[in-house]
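Thanks, everyone. I'll take you through one chain today, strand by strand and then core by core. Have the sequence and the coordinates open, please.

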Amino acid sequence: MIWQTKELEYNKSFGWKKDGRLTLVITENGTEVPVLFTLSNYHNLEEAILNLAIREGSGRNSIGSYDKSNDTFSSKFLFKDEMKNWIKNTDLDGAIWTNLGENWNIKNDKGDIIRQIEPERRIEYLKELKGYTSAIAEEYIRRTPHQIVTAFRKKIESELNWTVIPNEQS
């Protein structure tokens, strides 16, 4: 999102700020990493949620949110205490994020899952990608901000040599 903001309406003069208390990879067994955040140009939480959903090309249900004023989360979120601890020391009214889990399912044209890539086969899967699909996967991984250092990313860099391409914002 940081290097390809698309329709995201965020405060460009504020930019993207570093914060080390939240995780970007929101999985139960994920690696804690520093994340970046920015300010939405929308002052209403609902408008900001819809804007992020449009940027992500997803439905509203794939966007998580926390409303500080009434201490509520929009959906199941694994790191509620971490979010509350981070936001309590800010002037922010809430936070939103893309709330998607890992997706290693291969689907057919109808959207049916035809294959699932097991964790131990993920590098092989990336090696098997061809043409445009391979280029898109490589770009996504290489443009992920440099501070997102997970065990899986280290393995990709080691085995595929898909190293970080520096971004202005990271």
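One cut-off before we start: buried means under 20% relative accessible area. Keep in mind, too, that this is a predicted model.

Start with strand β3, residues 63–67. Five of its five residues are buried, so β3 is largely enclosed by the rest of the structure. Look at the two faces. On one side sit Ile 63, Ser 65 and Asp 67. On the other sit Gly 64 and Tyr 66. Both faces are covered. Why split the residues that way? Because in a regular strand the side chains alternate between the two faces of the sheet.

Now the sheet around it. Three strands, open, in the order β4-β3-β5. The pairing is antiparallel. The edges are β4, at 72–73, and β5, at 94–98, and each of those pairs on one side only.

How many bridges hold each pairing? Two join β3 to β4. Five join β3 to β5. Tyr 66 is a handy marker here. Tyr 66 stands opposite Phe 73 in β4, and opposite Ala 95 in β5. One more pair to note: Asp 67 has Thr 72 as its bridge partner in β4.

Next, the helices on this sheet. Helix α1, residues 45–56, lies across β3 and β5. Its angle to β5 is about 15°. Helix α2, residues 80–87, lies across β3, β4 and β5. That helix runs at about 135° to β5.

Back to the turn. β3 and β4 form a hairpin, with four residues between them. Which residue in that turn has a positive phi? Asp 71, at about 50°. It is not a glycine. Worth a second look, because most residues other than glycine have a negative phi. As for exposure, Asp 71 has 41% relative accessibility, so it counts as partly exposed.

There is another of these. Asn 161 is not a glycine either, and has a positive phi of about 60°. Find it in the segment after α5. Buried or exposed, this Asn 161? At 57% relative accessibility, Asn 161 counts as exposed.

Now the cores. The largest nonpolar core has 11 residues. Read them off with me: Trp 104, Ile 117, Ile 123, Tyr 125, Leu 126, Leu 129, Ala 137, Ile 141, Ile 156, Leu 160 and Trp 162. Three helices each supply at least two of them: α3 at 122–128, α4 at 131–143 and α5 at 151–160. The largest share, three residues, comes from α3. Apart from this core lies another, of nine residues. Among them are Tyr 66, Phe 77, Met 83 and Ala 95. So the general point applies: in soluble globular proteins, nonpolar side chains tend to be buried together.

Zoom in on Leu 126, a member of the 11-residue core. What does Leu 126 touch, leaving out residues up to four places away in sequence? Ala 137, Ile 141, Phe 152, Ile 156, Leu 160 and Trp 162.

To recap: an open sheet of three strands, a largely enclosed β3, and a largest core of 11 residues. Thank you. Comments, please.

Note on methods. Residues are numbered from 1 along each chain as its sequence is written. This is a predicted model: local features need pLDDT of at least 70, side-chain atom pairs count only at pLDDT 80 or more; totals for chains, interfaces and linings use all residues. Side-chain values use heavy atoms; hydrogens and water are left out. Two strands pair if DSSP finds at least two bridges between them. Contact means heavy atoms within 4.5 Å. Axes are lines fitted to C-alpha atoms, for helices over the stretch in contact, and angles run from 0 to 180 degrees between N-to-C directions. Buried means under 20% relative accessible area, exposed over 50%, partly exposed in between (1.4 Å probe, protein chains only). A nonpolar core is a set of buried Ala, Val, Leu, Ile, Met, Phe, Trp, Tyr and Cys residues joined through side-chain atoms within 4.5 Å.
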